[in-house]
Amino acid sequence: MLKLAIDFGTSVTKIYKIGSGIVLAESTCVTVQKETGEIRAFGNEAKRLLGKTAELTDVCFPVYEGEIVNERYAAALLEYFLGKIVRRTFAVEVLFCVPCAASAQLREKYCRVAKSVGLSRVRFAETPYLVALGQDVPLSESNPVFALDIGAGKTSAAVFSLDGVIAGLTMNVGGNNMDVHIIDHIAETYNLKIGSQTSEKLKNTVGSLIPSDNQSTIINGRDITTGNPRSVAVSSSDILFPIRIYADKIAEYAGLVLRKLPAEVSAAMVKNGVFLAGGVAGIAGFGDYMADKLGMEIHVTGDPQMAVVLGGGRAIGNQSLLARIEME
Ligand SMILES: Nc1ncnc2c1ncn2[C@@H]1O[C@H](COP(=O)(O)OP(=O)(O)OP(=O)(O)O)[C@@H](O)[C@H]1O
Ligand SMILES: [Mg+2]
């Protein structure tokens, strides 16, 4: 049986195929004709249209803050992605990577979506476990691990061992909040209206939590007063503020998790540090910033955006391990 791990992210869907590795990373996005509901474009092609479509077309993200908000579009998108990577004559077992403490209701939605695209066996695991697995962190009952997954719409923070989650939190904070705040900040500072694609690209190229960083890039938008197209040069320090607000929120939540820990687990945290994953962990200086705020050692995973699905791949390839960590 063909085995896949799927991380159906708010922003990006990642798929790991046993025997091949990571085979897909595409925007979780479709464009839809408003009147008929017909899907016109999928994945990256759909995302490129964000902010550029005419009135008759909508750009939709069927996963929002970790929740499936539109099952029909989610199923169509999943079918499109599967069509790119597997020949559908095979039976497929799939592990969905879901936020920490994902509700039974959310898992039912995943099951319905999976069934409608012909996936025969569906399993679930929470992202913090998968972050650890992807980094080859030895999991046992006596070795608690702290993992923080910071995505586009959701941040999961959890301390867990093979025995289960000891303390954890999921919050609706992520890269999308930063992008929206950057749009407002650029409007106030430069009197320039920019779109969300421009804002995201700006964050991902020059965004930094290192105050002395001074990379810059040219961005284009619409002058708020004249309405004319205009460009400005924006540097890392110009967008430090809207990024730092959310980094501080994330540190605050991570601190809440730490303060719930029994003493022996706290002691283990001093030794093990925190594993940081999710696309937002790619911001320059993010690891050092968190280390300073939390007073702990931080390990930023190799390719943070792929860390969860990499762990998903490890889990679905190891049935006895999966049996220990999967959500029933
Ligand atoms: N180099 C980078 N610097 C800053 N942010 C980045 C970088 N690369 C990606 N991101 C941001 O990371 C987010 C996507 O990360 P990820 O793929 O982990 O999220 P997701 O899994 O789709 O969302 P969620 O887990 O919240 O459902 C986006 O907000 C994206 O802009
Ligand atoms: Mg994610």
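Let's start with the cysteines: a search of this whole predicted model turns up zero disulfides. A disulfide is a covalent bond between the sulfur atoms of two cysteines, so what keeps Cys 29 out of one is a matter of distance. The closest cysteine sulfur to that of Cys 29 belongs to Cys 60, and at 7.8 Å it is too far for a bond. For a pair to count, the two sulfur atoms would have to lie within 2.5 Å. Cys 29 is also buried, with a relative accessible area of 0%. Cys 100 tells a similar story, being in no disulfide, with its nearest cysteine sulfur, that of Cys 97, 13 Å away. Cys 100 counts as buried too, at 7% relative accessibility.

Stay in that stretch of chain for a moment and step along to Ala 101. This residue sits in the loop between strand E9 (92-98) and helix H3 (104-116). Is Ala 101 buried or exposed? Ala 101 is exposed, because its relative accessible area is 59% and the cut-off for exposed is over 50%. Its backbone deserves a look as well: Ala 101 has a positive phi of about 60 degrees, although it is not a glycine.

Asn 191 is another non-glycine with a positive phi, here about 55 degrees. You'll find Asn 191 in the loop between helix H5 (175-190) and strand E14 (192-193). With a relative accessibility of 30%, Asn 191 counts as partly exposed.

Now for a positive phi on a glycine. Head to the hairpin of E15 and E16, where five residues lie between the strands and Gly 227 takes a positive phi near 80 degrees. The two strands, E15 (residues 216-223) and E16 (residues 229-235), pair in the antiparallel sense over seven bridges. If you want one pair to click on, try Gly 221, whose bridge partner in E16 is Arg 230.

Over in helix H2 (residues 71-85), have a look at Phe 81. Phe 81 is buried, with a relative accessible area of 0%. Another phenylalanine to pick out alongside it is Phe 42, which is 39 residues away along the chain. In space, the C-alpha atoms of Phe 81 and Phe 42 are separated by 8.8 Å.

That leaves the ligand. Ligand 1 is surrounded by 19 residues, and the closest are Thr 10, Ser 11, Lys 14, Glu 200 and Lys 203. Which polar side-chain atoms should you zoom in on? One belongs to Glu 200 and lies 2.6 Å from an oxygen atom of ligand 1. Another belongs to Lys 203, with 2.7 Å between it and a ligand 1 oxygen atom. The backbone joins in at Lys 154, where an N or O atom of the main chain lies 2.8 Å from an oxygen atom of ligand 1. How much of ligand 1 does the protein bury? Taken alone, ligand 1 exposes 650 Å², and the protein buries 89% of that.

As for where the shell around ligand 1 comes from, the elements that give two or more residues to it are strand E2 (12-17) and helix H6 (196-206). H6 supplies the largest share, with three residues. Sorted by character, the residues of the shell divide into four nonpolar, 11 polar and four charged.

Methods: Residues are numbered from 1 along each chain as its sequence is written. Chains are lettered from A and ligands numbered from 1 in the order in which they are written. This is a predicted model: local features need pLDDT of at least 70, side-chain atom pairs count only at pLDDT 80 or more; totals for chains, interfaces and linings use all residues. Side-chain values use heavy atoms; hydrogens and water are left out. A residue is near a molecule or strand if one of its heavy atoms lies within 4 Å of it. A polar contact is a pair of N or O atoms within 3.5 Å; within protein, one must be able to donate a hydrogen and the other to accept it, and residues adjacent in sequence count only if both atoms are side-chain atoms. Accessible areas come from the Shrake-Rupley method with a 1.4 Å probe; for residues, only the protein chains shown count as cover. Helices (H or I, at least four residues) and strands (E, at least two) are DSSP runs, numbered from the N terminus. Ala, Val, Leu, Ile, Met, Phe, Trp, Tyr, Cys and Pro count as nonpolar, Asp, Glu, Lys and Arg as charged, and the others, Gly among them, as polar. Buried means under 20% relative accessible area, exposed over 50%, partly exposed in between (1.4 Å probe, protein chains only). Two strands pair if DSSP finds at least two bridges between them.
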